[in-house]
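Hi everyone, thanks for coming along. I'd like to walk you through a structure that may be new to you, so please have it open and follow along as I talk.

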Amino acid sequence: MGRVTRRVTETPRVLTLVLAVPDWPGHRAGQHVDVRLTADDGYQAQRSYSIASAPEDSPRVALTIERIDDGEVSPYLVDVLAEGDQLELRGPIGGYFVWDVDASGPLLLVAGGSGICPLMAMIRHRAARQSRVPTRLLYSSHSLEDVIYKHELDRLAGRGDGLEVIHTLTRSRPQGWSGYSRRIDREMLAEVGFAPEQRPLCMVCGPTPLVEAVANALVESGHPADRVKTERFGPTGG
Amino acid sequence: MDDAQLRLDGNAVAGKLREVFVDDMTSARCACGSCGAVAEIGSQHVYMYPLSPGAVLRCNTCQQVLMVLVHGGGRHRLSLQGLTWLEIPESVGA
């Protein structure tokens, strides 16, 4: 069980729940938890949420939730759950889509929307361990207002420790925007990413169509399939 | 909505597999009985819905069914019909 200690509004549709989990066994960056809600009549609903906080923050665990309007779980987590409330968790879970600072090679992170969450755990883990592994985050959002963790990403990218953050805004741009303004494609990945010869590890997370387009483009560009790891967020009913 | 939009990764069944196996299974490797491709469970394709009683794991190379997980009536049933082998590393996961 976790207890909500803080609610942080990230964007109009996205909220971070910071939980205190006294018996938390620790996690690896990229892992998720299953959150289970039980109604008074015993009906249960369960969803997976990526852990957005660094392992170094344990036993504090941060989950970032996007509110899906017709969802069964996320509206409760975003609208109803209050500080001090308890939440049933199972985890940490998953050993495939994870990254440790000891991993070899530069790191390319590609996120679509709330797919940033597990990648943010990796970026925070990297910062907490003062790693200088060359790391680039290519992050696709609808608009600047939809960018989750914007200020923290700006701050971390400004430390000059080898982290670069590149945004693309696919629906609307602020006046004077000089960055990318289209969906991620092969050309963008070639401009932003590392050459295959540098043997980067590529971690891709987001909606299924984005993940598949990016993973296919990376493999077609010469990156070995086993250096491209994916986590798809499907239409899971929120 | 076409099938491609419903596709998830093996990561999505990590929790379900933890109810059957002791260790995390997403970094376990398996060989497809149809095409022979070898990959980690976490990289295979998964089809499931929030209210469905289970999940279907398909080969990320040839799309044949590797594994079917069903949970209901107080039991877990794991069908491994499409696998030649499953290789579980010692003490993986958290």
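Let me begin with one term, because we'll need it for a hairpin later on: two strands count as paired if DSSP finds at least two bridges between them. And please keep in mind throughout that this is a predicted model.

Let's start with that hairpin, in chain B. Strand 6 of chain B, residues 65-72, pairs with strand 7 of chain B in the antiparallel sense, over 5 bridges. If you'd like one pair to look for, B:Val70 sits opposite B:Arg77 in strand 7 of chain B. The hairpin has 2 residues between its strands, and there B:Gly73 takes a positive phi near 60°.

Now zoom out a little. Which sheet does this hairpin belong to? Strands 6 and 7 are part of an open sheet of 5 strands in chain B, in the order 1-4-5-6-7, with antiparallel pairing. Strand 1 (7-9) and strand 7 (75-79) of chain B are at the edges with a single partner strand each, so each has one side without a neighbour in the sheet. From one strand to the next, the twist averages 25°. Further along in this sheet, strand 4 (residues 45-47) and strand 5 (residues 54-58) of chain B pair in the antiparallel sense over 3 bridges. There, B:Tyr47 has B:Val56, in strand 5 of chain B, as its bridge partner.

Chain B has another open sheet to show you, with 3 strands in the order 3-2-8 and antiparallel pairing. Which strands stand at its edges? They are strand 3 (38-40) and strand 8 (83-87) of chain B; each has a single partner strand, so one side of each lacks a neighbour in the sheet. Here the twist averages 25° from one strand to the next. Strand 2 of chain B, residues 29-32, makes 3 bridges with strand 3 of chain B in the antiparallel sense. One of the pairs to find is B:Cys30 with its bridge partner B:Ala39, in strand 3 of chain B.

Let's move to where the chains meet. How many residues of each chain are in contact? The count is 27 residues of chain A with 23 residues of chain B. The size of an interface is often given as the accessible area lost when the parts come together. For chain A and chain B, the area buried between them is about 1800 Å², 51% of it on carbon and sulfur atoms.

What about charges and polar groups? There are 3 salt bridges between chain A and chain B. One to look at is A:Arg90 with B:Glu19, whose closest N and O atoms are 2.4 Å apart. Across the interface there are also 13 residue pairs in polar contact, both residues being at pLDDT 80 or more.

Which parts of chain A supply this side? Strand 3 (32-38), strand 6 (86-93), helix 5 (208-220) and strand 11 (228-233) of chain A each give at least two residues to the side that touches chain B. Strand 11 of chain A gives the most, with 5 residues. By type, the residues on this side of chain A divide into 8 nonpolar, 10 polar and 9 charged.

Now a look at salt bridges more widely: over all chains, the count comes to 22. One of them is within chain A, where the side chains of A:Glu88 and A:Arg36 meet at 3.9 Å, N to O. This pair links distant parts of the chain, with A:Glu88 in strand 6 of chain A and A:Arg36 in strand 3 of chain A, 52 residues apart.

I'll finish with a few backbone details in chain A. Most residues other than glycine have a negative phi, and most peptide bonds are trans. Where can you find something else? A cis peptide bond joins A:Ser58 and A:Pro59, with omega about 5°. A:Pro59 is in the loop between strand 4 (44-50) and strand 5 (60-66) of chain A. The bond from A:Gly91 to A:Pro92 is also cis, with omega near 5°, and A:Pro92 is in strand 6 of chain A. Finally, A:Gln130 is not a glycine, yet has a positive phi of about 55°. You'll find A:Gln130 in the loop between helix 2 (116-128) and strand 8 (135-141) of chain A.

Definitions and conventions
Residues are numbered from 1 along each chain as its sequence is written. Chains are lettered from A and ligands numbered from 1 in the order in which they are written. This is a predicted model: local features need pLDDT of at least 70, side-chain atom pairs count only at pLDDT 80 or more; totals for chains, interfaces and linings use all residues. Side-chain values use heavy atoms; hydrogens and water are left out. Contact means heavy atoms within 4.5 Å. Buried area is the accessible area (1.4 Å probe) that two parts lose on being put together, summed over both. A salt bridge is a side-chain nitrogen of Lys or Arg within 4 Å of a carboxyl oxygen of Asp or Glu. A polar contact is a pair of N or O atoms within 3.5 Å; within protein, one must be able to donate a hydrogen and the other to accept it, and residues adjacent in sequence count only if both atoms are side-chain atoms. Helices (H or I, at least four residues) and strands (E, at least two) are DSSP runs, numbered from the N terminus. Ala, Val, Leu, Ile, Met, Phe, Trp, Tyr, Cys and Pro count as nonpolar, Asp, Glu, Lys and Arg as charged, and the others, Gly among them, as polar. Axes are lines fitted to C-alpha atoms, for helices over the stretch in contact, and angles run from 0 to 180 degrees between N-to-C directions.
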